[in-house]
Amino acid sequence: MDQNNNYTNQATETREPLPTFGAQPPVVQYQQIPNPYAPQAQAEVENAADSAFGKGLASVIMSSFPITSIIAIFLGAGGLSGAKRTNAIAAHYGIEAGGKNIAARILSTIGLISSIVMTSFWGLYFLLIMAMLESI
């Protein structure tokens with residue numbers, strides 16, 4: 001049994017290194033084929049991000065006023081869906097949506113939440129005012 005453990009392979013011990021030649025294989029450089037739709041795609045993504053950003057910003061600004069807080073709910077929801085649509089367009093063309101789309105998503109979320117809160121606040125406020133006026 002000990003004889004099997006001491007076996008050495010003479011072929012692997014006497015192996016010489018492979019010869020190396022002076023010339024290295026050429027490195028092939030591939031050129032990327034330009035996308036003919038890239039400028040059009042970038043413009044489409046920027047327009048969609050601009051629209052979503054505008055709706056998100058308007059929803060944040062309008063959310064604190066009594067009547068416009070109701071409109072801000074729809075603007076915030078539209079801004080969120082516009083940001084998602086911008087991400088889908090950018091993914092379709094294989095480009096990034098950019099920072100304006102991230103800002104649009106954040107502003108739309110803040111505008112939607114604050115407009116829902118402020119709409120309920122103003123509704124309760126006017127109900128309390130009406131109740132107070134009725135008791136007089």
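Start by selecting Ser69 and showing its neighbours: leaving aside residues up to four places away in sequence, Ser69 touches Met62, Ser63, Ser115, Met118, Thr119 and Trp122. Bear in mind as you look around that this is a predicted model. Ser69 belongs to helix H4. Is Ser69 buried or exposed? Its relative accessible area is 1%, and Ser69 therefore counts as buried, the cut-off being under 20%.

Keep Ser69 on screen and add Trp122. The two residues are 53 positions apart in sequence, and their C-alpha atoms lie 8.8 Å apart in space.

**Step back to the whole chain**

Now zoom out and switch to a cartoon view. How many helices and strands are there in the chain? You should find 5 helices and 0 strands. Following the chain from the N terminus, the elements read α-α-α-α-α. The chain has 136 residues, and 21% of them count as buried. Take the contacts in the chain with a separation of 6 or more: 75% of them come from residues 24 or more positions apart.

**Select H4 and H5**

Next, pick residues 68-93, which form helix H4, and residues 99-135, which form helix H5. The axes of H4 and H5 come within 8 Å and cross at roughly 155 degrees. Because of that angle, H4 is roughly antiparallel to H5. The crossing of these two helices is left-handed.

To see where they meet, show side chains on both sides:

- On H4, the residues in contact with H5 include Ser69, Ile70, Ala72, Ile73, Gly76 and Leu80.
- On H5, the residues in contact with H4 include Arg105, Leu112, Ser115, Ile116, Met118 and Trp122.

Try colouring this contact by residue class. The contact of H4 with H5 is made up of 10 nonpolar, 10 polar and 1 charged residues.

**Stay on H5 for Phe121**

Now select Phe121, which is also found in helix H5. Is Phe121 buried, exposed or partly exposed? With a relative accessible area of 41%, Phe121 is partly exposed. For a distance to display, choose the C-alpha atoms of Phe121 and Ser64: they are 9.7 Å apart in space, while the residues are 57 apart in sequence.

**Bring in H3**

Add residues 38-62, which make up helix H3. How do the axes of H3 and H4 lie? They come within 7 Å and cross at roughly 160 degrees. That angle is why H3 is described as roughly antiparallel to H4. The crossing of H3 and H4 is left-handed. Coloured by class, the contact of H3 with H4 shows 14 nonpolar, 8 polar and 3 charged residues.

**Last stop: a charged pair**

Side chains of opposite charge can pair when their charged atoms come close. Which residue forms a salt bridge with Lys100? Select Asp50: the closest N and O atoms of this pair are 2.7 Å apart. The pair links distant parts of the chain, with Lys100 in H5 and Asp50 in H3, 50 residues apart. The count for the model comes to 1 salt bridge.

Finally, turn on the surface around the pair. Lys100 is partly exposed, with a relative accessible area of 40%. Asp50 is partly exposed as well, at 36%.

How values were computed
Residues numbered from 1 in each chain as written. Predicted model: local features only at pLDDT ≥ 70, side-chain atom pairs only at ≥ 80, totals over all residues. Heavy atoms only, no water. Salt bridge = Lys/Arg side-chain N within 4 Å of Asp/Glu carboxyl O. Helix = DSSP H or I, 4+ residues; strand = E, 2+ residues; numbered from the N terminus. Buried < 20%, exposed > 50% of the residue type's maximum accessible area, 1.4 Å probe, protein only. Axes fitted to C-alpha atoms, helices over the stretch in contact; angles between N-to-C directions. Parallel < 35°, antiparallel > 145°, perpendicular 65-115°, else oblique. Left-handed = near helix turned anticlockwise from the far one by under 90°. Contact = heavy atoms within 4.5 Å. Nonpolar A, V, L, I, M, F, W, Y, C, P; charged D, E, K, R; others polar.
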